[in-house]
Amino acid sequence: EGDEKIYDINASGYPDTTGLSQSTYIEFYNKKFCFSASPLPEYLSKLHSKTDEIFLPIGVAIAFLVAGIVYLYQKKSRSEKCLKCNEEGLKTAQGIAHIGSWEWNIVDNLEVWSDEQFRIFGYEPGMVEANYDLFLNALHPEDKEKVTKAVHETLHNNVPYQIECRIVRPTNETRIICAQGTVYRDNQDK
């Protein structure tokens, strides 16, 4: 079976110095686990005459618990790696297309901007705190009313907006952007 990894779980927690360990190999979520139940040290086995009868079921239960934890940890690690890879891909695609994205939690008044969103508005990512006021202050004075009206309509009537407007970057350079937004509400309609 070559380089196949086997997870060795000794249910007693004690090293088997007697050579009496009984091992069972099982497949669990496509992983091979070796469950071994070693006899308890002599001083512990004297405490109860039925130690082996009690020990083995408890040991197997602990072994399955450990196997489940190992599986969940590995699954979480794979999911985190996949998520990080997807985030990097999105950053790359936004940079190539020069498209920014943002999320605004209106209840907590927190905004998150993508790196490219910062760059479009003339900032290095993380250089300033992303918030709705930063967006409003960047709007060209002649476009501010139509944009705030579109945002208001979206917030109160659940109508997505897509609007072309101008922004003024910190260098006083004016840029035309296409802004769009959609409201997503939670179960309490917030």
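Start with the whole chain in cartoon view: the secondary structure comes to five helices and seven strands, where helices (H or I, at least four residues) and strands (E, at least two) are DSSP runs numbered from the N terminus. Along the sequence the pattern reads β-β-β-α-α-β-β-α-α-α-β-β. This is a predicted model, in which local features need pLDDT of at least 70 and side-chain atom pairs count only at pLDDT 80 or more, while totals for chains, interfaces and linings use all residues. Residues are numbered from 1 along each chain as its sequence is written, and side-chain values use heavy atoms, with hydrogens and water left out.

Colour by accessibility next. Of the 190 residues in the protein, 28% are buried; buried means under 20% relative accessible area, exposed over 50% and partly exposed in between, with a 1.4 Å probe and protein chains only.

**Stop 1: Q94 and E116**

Select Q94, in helix α2 (residues 51-97). Q94 has a relative accessible area of 10% and is therefore buried. Show its contacts (heavy atoms within 4.5 Å): leaving out residues up to four places away in sequence, Q94 touches I99, G100, S101, S114 and E116. A distance to draw is the one between the C-alpha atoms of Q94 and Q117, which is 8.9 Å for two residues 23 apart along the chain.

Move to E116, in helix α3 (residues 115-120). Its relative accessibility is 6%, so E116 also counts as buried. Neighbours within four places in sequence aside, E116 is in contact with Q94, G95, H98, I99 and G100.

**Stop 2: the second largest pocket**

Keep Q94 selected and add E87, E88, L90, K91, S101, W102, E103, V112, W113, S114 and D115; together these line the second largest pocket. A pocket here is an open set of points on a 1 Å grid over the protein atoms alone, where a 1.4 Å probe fits, with protein on both sides within 12 Å along at least five of seven lines; lining residues have an atom within 4 Å of a point. The space in the second largest pocket is about 280 Å³. Helix α2 gives the most to this lining, with five residues.

**Stop 3: the largest pocket**

Select W102, E103, W104, G181 and T182, which lie nearest the centre of the largest pocket among its 30 lining residues. Elements giving two or more residues to that lining are β4, β5 (110-113), α3, α4, α5 and β7. The largest share, five residues, comes from β7. About 870 Å³ of space lies in this pocket, a volume being the space filled by probe spheres set on grid points joined across faces, edges and corners.

**Stop 4: helix α5**

Select residues 144-157, the 14 residues of α5. From first C-alpha to last the helix reaches 20 Å, close to the 20 Å expected at 1.5 Å a residue, taken as 1.5 Å times one less than the number of residues.

Which residues of α5 are buried? They are V147, A150, V151 and T154. These cover an arc of only 95° around the axis, so they sit on the same side of α5; the arc is that of the directions from the helix axis to the C-beta atoms. An α-helix has 3.6 residues a turn, so residues three or four places apart point the same way. The buried residues of α5 pack against β4 (102-105), α4 (132-138), β6 (161-168) and β7 (174-181).

Turn the view to the face away from the buried side: the exposed residues E145, K149 and H156 are there. End at N158, just after α5, which takes a positive phi of about 55°.
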